[in-house]
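Me: I would like to learn how to read pockets, cores and charged pairs from a set of coordinates. Could we go through them one by one?

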Amino acid sequence: MKIAQRMENLSPSVTMAITALGRELKAQGKDILSFSAGEPDFDTPEIVKNAAIKAIKDGFTKYTAVEGITETKQAIINKLKKDHGLTYELNQIVISNGAKHSLFNLCQLLIEKGDEVIIPAPYWVTYPEQVKFSDGVPVFIDTDESTEFKMTAKQLKAAITPKTKAIMLNTPSNPTGAVYSKEELIAIGKVLEGTDILVWSDEMYEKIMYDGKEFTAAASVSEDMYQRTITINGLSKAVAMTGWRFGYIATPKVEIVKAMTKLQGQVTSNVNSITQHAAIPALEGDADADIEMMRKAFEERRNIAVESFNAIKGVSCFKPQGAFYLFVNIKEITPDSMKFAADLLEDKGVAVVPGLAFGMEGYFRFSFATDLASIQEGIRRIKDFIEK
């Protein structure tokens, strides 16, 4: 049997592989501390769980419309209006099985062979893989700490070609926690004026912001950006609903919504009906107190972790403004992040993700979405590993 050639374009997820290896070693009785997965350690808020239980008891266990039930889509519309002043209609929303599924749908229905998608590096591991799987060409823009790991308008302008179909924005960023300001998004929008280039804006971590900084949605900075932006979001990170699989897109381009609904109808059909009902209180703001509790805990962990890493000789750490990751600079220690991560796991039982997986060598990603005691012990082991 021969596996289809298209699978040659797809690389396995390094983050998922390391997370799985860490779990396997832990199951064998080894003392493993994992900082590889982007998953909050908090439980899903009770109000969300209660909404799911009620949906089950009320018999909401049947097929729904492929693009989602009206009540949940309306809750998304209400959320986008309240949070960002953005106006959408029911026929401009599609609910999918997580934001990763939303992005896959977009790639499949919009990218034709040879189309280019501009992706700032470092990037979430899935972005280039889905572009390549759809016969597109990822075009990387390298960033660094001097710009807080953000693509500049000048860099974007230089990267655009006649084949550019879209640019991929991720704010706050996975893996760096970088956040694009309103001014930076306006400048990016100016570069795109007069083109047909789409903006795919992954805003999954919008609720996880630090130091009083405000989040700006890409679609909110101008009418032109609103028209070209496809907002990708969900509830996995901010509301600790990773396993529930709830993502969505919002776009004024109804032709994209129609095409995505057609595609999803032949692949997965609707999102879990119970999840759709459970999402409503989270979208409507009923879990905001829980979100703020988690955000404050993440901020405390971030502060302690950044200070601890920066105290290790040869290591430096950019202070993220959002999300729950540190992108730790180990260039003075080693140029090989894959070997560093493998040796660290074997020698000290600490799982991190090598920077190479995110398109940037000389770094590793450290998730602080776990308890403070584990974070402190994990950094102590990393310090010991580096010193020895």
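Reply: Let us begin with a pocket lining, bearing in mind that this is a predicted model. Helix 1 is the main contributor to the lining of the second largest pocket, giving four residues, and the elements that supply two or more residues there are helix 1 and strand 1 (33-34). The volume of the second largest pocket is about 380 Å³, and of the 17 residues that line it, Lys26, Ser34, Phe35, Ala37 and Thr370 lie nearest its centre.

Me: How do the residues of the lining of the second largest pocket divide into nonpolar, polar and charged?

Reply: The lining of the second largest pocket has six nonpolar, seven polar and four charged residues.

Me: Which helices each supply at least two residues of the lining of the largest pocket, and which residues are the closest to its centre?

Reply: The largest pocket holds about 580 Å³ of space, and among the 30 residues lining it, Met16, Gly38, Lys100, Trp124 and Lys237 are the closest to its centre. At least two lining residues come from each of helix 1 (14-27), helix 4 (99-110) and helix 5 (126-133), with helix 1 providing the largest share, five residues. By residue class, the lining of the largest pocket comprises eleven nonpolar, twelve polar and seven charged residues.

Me: Turning to the interior, which residues touch the most other members of the largest nonpolar core?

Reply: The general idea is that in soluble globular proteins nonpolar side chains tend to be buried together. In this model the largest nonpolar core has 76 residues, and Trp200, Phe309 and Phe366 touch the most other members. Helix 11 (residues 288-310) gives the most to this core, with six residues. Apart from this core lies another, of 32 residues, which includes Val48, Phe246, Leu283 and Ile291.

Me: With which residues is Phe309 in contact, leaving aside its neighbours within four places in sequence?

Reply: With those neighbours left aside, Phe309 is in contact with Val315, Cys317, Leu326, Val328, Phe364, Phe366, Ile379 and Ile382.

Me: How many salt bridges does the structure hold, and where in the chain do Glu206 and Lys79 lie?

Reply: As a general point, side chains of opposite charge can pair when their charged atoms come close. The structure holds 25 salt bridges, and one of them joins the side chains of Glu206 and Lys79 at 2.7 Å, N to O. This pair links distant parts of the chain, 127 residues apart, with Glu206 in the loop between strand 6 (198-202) and helix 8 (223-228) and Lys79 in helix 3 (residues 70-84). Glu206 and Lys79 are both buried.

Me: Why are Arg295 and Glu299 separated by about one helical turn, and are they buried or exposed?

Reply: Arg295 and Glu299 are separated by about one helical turn because they are four residues apart in helix 11, and their side chains meet in a salt bridge of 3.0 Å, N to O. The cut-off for buried is under 20% relative accessible area, so Arg295, at 15%, counts as buried, and Glu299, with 15%, is buried as well. Arg295 and Glu299 also belong to a network of salt bridges that links them with Asp211, Glu292 and Arg302.

Me: How many residues apart are Arg380 and Glu377 in helix 13?

Reply: Arg380 and Glu377 are three residues apart in helix 13 (residues 372-387), about one turn of the helix, and their side chains meet in a salt bridge at 2.8 Å, N to O. Arg380 is partly exposed, with a relative accessible area of 46%, and Glu377 likewise counts as partly exposed, at 26% relative accessibility.

Methods:
Residues numbered from 1 in each chain as written. Predicted model: local features only at pLDDT ≥ 70, side-chain atom pairs only at ≥ 80, totals over all residues. Heavy atoms only, no water. Core = buried A, V, L, I, M, F, W, Y, C linked by side-chain atoms within 4.5 Å. Buried < 20%, exposed > 50% of the residue type's maximum accessible area, 1.4 Å probe, protein only. Contact = heavy atoms within 4.5 Å. 1 Å grid on protein atoms, 1.4 Å probe; cavity = no way out; pocket = protein on both sides within 12 Å on 5 of 7 lines; lining within 4 Å. Points joined across faces, edges and corners; volume = space filled by probe spheres on them. Nonpolar A, V, L, I, M, F, W, Y, C, P; charged D, E, K, R; others polar. Salt bridge = Lys/Arg side-chain N within 4 Å of Asp/Glu carboxyl O.
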